Amino acid sequence: EATIEEVMALDGVDDANVNPKIGALAITYVNTETTEQKLLEAVKAAGIEATVPAPHECKEGMEKAE
């Protein structure tokens, strides 16, 4: 609970979810209000160990219409 509250208080954060089973924190942010780097630095400054995963590549819907 404290982790989510800390993260939600950061500039630009729209939503945060913790998955304690796998030890993960997912953050949705507004990219016109902050950057990935600024957010990462703020999360680390709050004392939360963090890394940014590789960008998600959605393959669904990428098929060419015939």
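**Entry 1: a cut-off, and Thr35**

I begin by writing down the cut-off I need: a residue counts as buried under 20% relative accessible area, as exposed over 50%, and as partly exposed in between. With a relative accessible area of 36%, Thr35 is therefore partly exposed. I looked up where Thr35 sits and found it in the loop between strand 2 and helix 2. I also looked up its distance to Gly12, which is 23 residues away in sequence, and the two C-alpha atoms are 8.5 Å apart in space. I note here that I am working on a predicted model, so every value in these entries is computed from that model.

**Entry 2: the chain as a whole**

I next went through the secondary structure of the protein chain, which comes to two helices and two strands, and read from the N terminus on, these elements run α-β-β-α. The protein chain has 66 residues, and 17% of them count as buried. The exposed area of the chain is about 5,600 Å², of which carbon and sulfur atoms supply 51%. For contacts with a separation of 6 or more, I noted that residues 24 or more positions apart account for 13% of them.

**Entry 3: the hairpin**

I then turned to the two strands, strand 1 (13–19) and strand 2 (24–29), which run antiparallel and are joined by six bridges. They form a hairpin with four residues between them, and Gly23 in that turn has a positive phi of about 70°. To fix the register I looked up two facing pairs: Asn19 stands opposite Ala24 in strand 2, and Val18 stands opposite Leu25 in strand 2.

I spent a little longer on Ala26, which lies in strand 2. Is Ala26 buried, exposed or partly exposed? At 45% relative accessibility, Ala26 counts as partly exposed. Leaving aside neighbours within four places in sequence, the contacts of Ala26 are with Asp15, Ala16 and Asn17. I also checked Ala26 against Ile4, 22 residues away along the chain, and their C-alpha atoms are separated by 9.7 Å.

**Entry 4: Met8 in helix 1**

For helix 1 (residues 2–8) I chose Met8, which lies in that helix. Met8 has a relative accessible area of 34%, so I record it as partly exposed. Apart from neighbours within four places in sequence, Met8 is in contact with Val13, Asp14, Asp15 and Ala16. Tyr29 is 21 residues from Met8 in sequence, and the C-alpha to C-alpha distance between them is 9.6 Å.

**Entry 5: helix 2 and its two sides**

Which residues of helix 2 are buried? In helix 2 (residues 36–45) I found Leu39, Leu40 and Val43 to be buried. These three cover an arc of only 100° around the axis, which puts them on the same side of helix 2. I reminded myself of the general rule that an α-helix has 3.6 residues a turn, so residues three or four places apart point the same way. I then asked myself what the buried residues of helix 2 pack against; the answer is strand 1 and strand 2. On the face of helix 2 turned away from the buried side I found the exposed residues Lys38 and Ala45. Just after helix 2, Gly47 takes a positive phi of about 85°.

**Entry 6: Thr34**

Having begun with Thr35, I went back to the loop between strand 2 and helix 2 for Thr34, which is also found there. Thr34 counts as buried, because its relative accessibility is 9%. Not counting residues up to four places away in sequence, Thr34 touches Asp11, Gly12, Tyr29 and Leu39, and I note that Leu39 is one of the buried residues of helix 2.

**Entry 7: the largest pocket**

Finally I looked up the largest pocket, in which about 580 Å³ of space lies. It is lined by 18 residues, and the closest to its centre are Leu25, Ala26, Ile27, Thr51 and Pro53. The elements that give two or more residues to this lining are strand 2 and helix 2. Which element supplies the largest share of the lining of the largest pocket? That share, five residues, comes from strand 2. I close by noting that Ala26, listed here among the residues closest to the pocket centre, is the strand 2 residue of my third entry.

Note on methods:
Residues are numbered from 1 along each chain as its sequence is written. This is a predicted model: local features need pLDDT of at least 70, side-chain atom pairs count only at pLDDT 80 or more; totals for chains, interfaces and linings use all residues. Side-chain values use heavy atoms; hydrogens and water are left out. Buried means under 20% relative accessible area, exposed over 50%, partly exposed in between (1.4 Å probe, protein chains only). The arc is that of the directions from the helix axis to the C-beta atoms. Contact means heavy atoms within 4.5 Å. Accessible areas come from the Shrake-Rupley method with a 1.4 Å probe; for residues, only the protein chains shown count as cover. Two strands pair if DSSP finds at least two bridges between them. On a 1 Å grid over the protein atoms alone, a cavity is a set of points where a 1.4 Å probe fits but cannot get out, and a pocket is an open set with protein on both sides within 12 Å along at least five of seven lines; lining residues have an atom within 4 Å of a point. Grid points are joined across faces, edges and corners, and a volume is the space filled by probe spheres set on the points.
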